[in-house]
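Please open the structure in your viewer and keep the sequence panel beside it, since each stop below begins with something to select.

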Amino acid sequence: MTTKQTQSKKTTTTKPTSKPRKKISKKKLQEEVSNSLTPRNILFASIIGLILAIVVIISNHCERNETQSNCHCENATAPIQSKSKFKDVNSEQLAHAQTNGLKTVIKNQNQFESQIDSLVEKGILVKIKPNKYYNIRQLTHSYPYLTPEARDLLNLIGKRFQANLQAEGLPKYKFQISSLLRTIEFQRQLTKQNVNATFGLSAHYYGTTFDIAYDKYDRRGKSQQDPKVEAILEKTLRELREECRLMIIRESSNKCFHMTVVKRIKD
Ligand SMILES: [Zn+2]
């Protein structure tokens, strides 16, 4: 063998080889698994599993039980507690209106006309039209526009109102909406306030708030008073207030219920 051949052989034999992978034996793996299953770890995993199960059950429960009051009260985007009285004052309704409604209030008719198409196109406001549940009175100081959530609330009130009428053996009546979205100008005309006044903000500025008249109800094209029907509307609104679906106050001077939609975090 020549010197060259010897060197070449040497080179071949000294070539670094890859390190063999450490093979974990089946027995070792079983040992590691059994070591991790300590009572402490099992307890910890069980607690996590239990918490996850409760969260899933609660969320499904709220979706299935639309009349369950706690679901709406706890998930509301502004403070509210379940109650049966109609005594939600302006500041309390404003908290919901400002959180969920228009971010910039509309000053006057010119601003309304220049902005309304864009607000509707973006889905921020929707036009409210009479339907099988309600009519809209001739509006002198408001526009028939609301947020989609407030529109949904109107329909929910209508659906429940008709179900409650039927349960009492009464025929179908429609309620009347007497006010919806207001501009600062409209509000000033109504209250004689200064347009630049920072006090006395109305929840009607935000598209979240509307008034339902309680003195007249429509049936077969006629508008009429009926204390029994009025009591059913009141009962319907009380149920919805208890469920935290709305903030509401009775305005005797205007013969209406003034209310603001309550939005859930999940909505
Ligand atoms: Zn009002």
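The tour goes from the whole chain to the core, and then to a helix, a hairpin and some single residues.

Begin with the whole chain, remembering that this is a predicted model, and colour it by confidence: the average pLDDT is 85, and 78% of the residues score at least 70. Then select residues 1–19, where pLDDT stays under 50 and for which the model has one contact beyond four places in sequence. With a cartoon view switched on, the chain shows nine helices and eight strands. Of its 267 residues, 28% are buried, and among the contacts with a separation of 6 or more, 71% join residues 24 or more positions apart.

Next, turn to the interior and select Phe210 and Leu246, which touch the most other members of the largest nonpolar core, a set of 35 residues. To see where this core draws its residues from, highlight β3 (145–146), α7 (148–167), β4 (174–179), β5, α9 (227–242), β7 and β8, each of which gives two or more residues to it. Which residues does phenylalanine 210 touch, not counting those up to four places away in sequence? Show side chains for Leu146, Ala150, Leu154, Ile177, Ser179, Leu180 and Met259, and you have the residues that phenylalanine 210 touches on that count. Apart from the largest core lies another, of eight residues, and selecting Ala97, Val105, Ile106 and Ile184 will bring up some of its members.

Now isolate α7, a helix of 20 residues that reaches 29 Å from its first C-alpha to its last, close to the 28 Å expected at 1.5 Å a residue. Its buried residues are Ala150, Arg151, Leu153, Leu154, Ile157, Arg160, Phe161 and Gln162, and two of these, Ala150 and Leu154, are also touched by phenylalanine 210. Following α7 is glycine 169, with a positive phi near 75 degrees.

Move on to strands β7 (residues 246–251) and β8 (residues 256–261), which pair in the antiparallel sense over six bridges. To follow one bridge across the pair, select methionine 247 and its partner in β8, threonine 260. The two strands form a hairpin with four residues between them, and the turn includes lysine 255.

Stay with that turn for a point of backbone geometry. Most residues other than glycine have a negative phi. Lysine 255, however, has a positive phi near 50 degrees, and with 13 other C-beta atoms within 10 Å it falls in the partly exposed class. Compare arginine 220, in the loop between β5 (209–219) and β6 (222–224), which also has a positive phi, of about 50 degrees, although it is not a glycine. Is arginine 220 buried or exposed? Arginine 220 counts as exposed because it has 8 other C-beta atoms within 10 Å, and the cut-off for that class is 12 or fewer.

For the last stop, select proline 227, which is found in helix α9. This proline counts as exposed, with 7 C-beta neighbours inside 10 Å. Finally, draw a distance between the C-alpha atoms of proline 227 and aspartate 215: these residues are 12 apart along the chain, and the separation in the model is 8.4 Å.

How values were computed
Residues are numbered from 1 along each chain as its sequence is written. This is a predicted model: local features need pLDDT of at least 70, side-chain atom pairs count only at pLDDT 80 or more; totals for chains, interfaces and linings use all residues. Two strands pair if DSSP finds at least two bridges between them. A residue is buried if 20 or more other C-beta atoms lie within 10 Å of its own, exposed if 12 or fewer, and partly exposed in between; C-beta atoms are placed from the backbone. Two residues are in contact if their C-beta atoms, placed from the backbone, lie within 7 Å. A nonpolar core is a set of buried Ala, Val, Leu, Ile, Met, Phe, Trp, Tyr and Cys residues joined through C-beta atoms within 7 Å. The expected span of a helix is 1.5 Å times one less than its number of residues. pLDDT is the predictor's confidence in each residue, from 0 to 100.
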